[in-house]
Amino acid sequence: MMTATLHGNARAIDIAWPDGSATTFPAIFLRDSCPSGFHLQTLERQFDLTSVPLDIEIGEASVDDGNLVLRWKSEDHTSRFDANWLASNKPGKPLSDPADVTPTLWRGNLTKAELPRASASDLLSDDAALLDFLVATKSTGLAIVDGMADDVDAGMTVARRIGFLRETNFGVTFEVQSKPNPNNLAYTSHALPLHTDLPNQELAPGFQFLHCLANEAEGGGSTFCDGFAIAEDLKASDPEAFRLLNTIPIPFRFQDQDYDLRSRHLTIETNHLGQVRELRFNAHIAATLDLEADVMAAYYAAYRKLMQMTRSDDYVMTTRLEGGEMVIFDNRRALHGRAAFDPSTGFRHLRGCYVDRGEFDSRIRVLSR
């Protein structure tokens, strides 16, 4: 059993665990986290932190049937905490998250056959299969769905099994095919360098679903690279280049007759632990760099080095999508592109949509319950 011991000032309590370890819980944290302060149905906090002093003191503490029972000095209130809740919410310990999947970095030697793969029918009918596939896809940032129905909406059907679709200025879905008067390079037959989609948005889309309806033209091979692997290798080989791309935001802009969408982002973004979590690289949507003159040369050198890495066989995987396949990738991790194709040699049509990372992660958490 756990035991509880008050600190001398009663503003914290030590919990001793059966394994001999101990944890200190500040009193204000426990008062703010009292289960009675949360709505029973919505699970949202209703407790008002300003209703108690920051230096609130515990009047009495005891352990009753596996629960920590606290009575407070400044108010007529008793709080009860389950031992399992206390063990899961130790100060400084992040809450366990099934969607916190460690990235598996990959480079140019990865083949299409080694990617996570599942059939559309399994994903649509089997929750366990869907969960396994989502976790594997988040690990690699790139996966394949096969057996897609011969239906232009089939990709949306799979995507909506995961979460809400993200609408952009291109619509809820977008058609990747050569067409007259294009407003994006994707709508031409030209080669498309590796890139992040829509970095000009305030928040670039998360996961992209790209359903190959037909790919009969000569050329048009798909290219991918793991931006996390490139960023980590750049950090190891040229820390100053990594620092510049990780600390100086640059402007992005998309403009056509109806839209002028601009945003400023870091090329490489890390989390509070310094781990790479996003790569935004799109040379054809990057706006004119407006950096100070004294950092311009150094930034261009770092940016150019990153660009060269995205073109190296050390990192780039080249493959071909076939009709009935759909590729899913983390748009803020896996850069994607394609080789040029000749539309006179056959029909090529892909249809895409986006599901943001938050929706993707939510589905993993719900299926993991």
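Is Asp-238 buried, partly exposed or exposed, and what is its relative accessible area? In this predicted model, Asp-238 is partly exposed, with a relative accessible area of 22%. The cut-off explains the label, because buried means under 20% relative accessible area. The salt bridge of Asp-238 is taken up again below, after a look at the whole chain.

The protein has 369 residues, and 48% of them count as buried. Its secondary structure consists of 9 helices and 22 strands. Along the principal axes, the C-alpha atoms fill a box of roughly 80 × 55 × 40 Å. The accessible surface amounts to about 18,100 Å², and carbon and sulfur atoms account for 50% of it. As for contacts between residues at least 6 apart in sequence, 72% join residues at least 24 apart.

Next comes the largest pocket, which has a volume of about 560 Å³. Its lining is made up of 23 residues, and those closest to the centre of the pocket are Ala-99, Asp-100, Lys-138, Asn-271 and Arg-277. Two elements give two or more residues to this lining, namely strand 17 (276–279) and helix 9 (357–368). Helix 9 provides the largest share, with 3 residues. By residue class, the lining of the largest pocket holds 11 charged, 8 nonpolar and 4 polar residues.

Charged side chains can also be followed through their pairings. Side chains of opposite charge can pair when their charged atoms come close. In this protein the count comes to 28 salt bridges. One of them joins the side chains of Lys-112 and Glu-325, with an N to O distance of 2.6 Å. Lys-112 sits in the loop between helix 2 (83–88) and strand 7 (117–119), while Glu-325 sits in the loop between strand 18 (317–319) and strand 19 (326–330), so this salt bridge ties together parts that are 213 residues apart in sequence. Both ends of the pair fall under the cut-off for burial: Lys-112 is buried at a relative accessible area of 17%, and Glu-325 counts as buried at 10%.

A second salt bridge brings together the side chains of Arg-351 and Asp-153, again at 2.6 Å from N to O. Here, too, distant parts of the chain are linked: Arg-351 belongs to strand 22 (residues 348–355) and Asp-153 to the loop between strand 8 (142–146) and helix 5 (154–160), 198 residues apart. The two partners differ in burial, since Arg-351 counts as buried at 16% relative accessibility, whereas Asp-153 counts as partly exposed at 35%.

This leads back to Asp-238, whose side chain meets that of Lys-305 in a salt bridge of 3.3 Å, N to O. Lys-305 lies in helix 8 (residues 293–309) and Asp-238 in the loop between helix 6 (227–237) and helix 7 (239–247), so that the pair links distant parts of the chain, 67 residues apart. Lys-305 counts as partly exposed at 28% relative accessibility, and Asp-238 is likewise partly exposed, at 22%. Beyond these pairs, salt bridges that share partners join Glu-269, Glu-278, Arg-280, Asp-330, Arg-332 and Arg-357 into one network.

Technical notes. Residues are numbered from 1 along each chain as its sequence is written. This is a predicted model: local features need pLDDT of at least 70, side-chain atom pairs count only at pLDDT 80 or more; totals for chains, interfaces and linings use all residues. Side-chain values use heavy atoms; hydrogens and water are left out. On a 1 Å grid over the protein atoms alone, a cavity is a set of points where a 1.4 Å probe fits but cannot get out, and a pocket is an open set with protein on both sides within 12 Å along at least five of seven lines; lining residues have an atom within 4 Å of a point. Grid points are joined across faces, edges and corners, and a volume is the space filled by probe spheres set on the points. Helices (H or I, at least four residues) and strands (E, at least two) are DSSP runs, numbered from the N terminus. Ala, Val, Leu, Ile, Met, Phe, Trp, Tyr, Cys and Pro count as nonpolar, Asp, Glu, Lys and Arg as charged, and the others, Gly among them, as polar. Buried means under 20% relative accessible area, exposed over 50%, partly exposed in between (1.4 Å probe, protein chains only). Contact means heavy atoms within 4.5 Å. Accessible areas come from the Shrake-Rupley method with a 1.4 Å probe; for residues, only the protein chains shown count as cover. A salt bridge is a side-chain nitrogen of Lys or Arg within 4 Å of a carboxyl oxygen of Asp or Glu.
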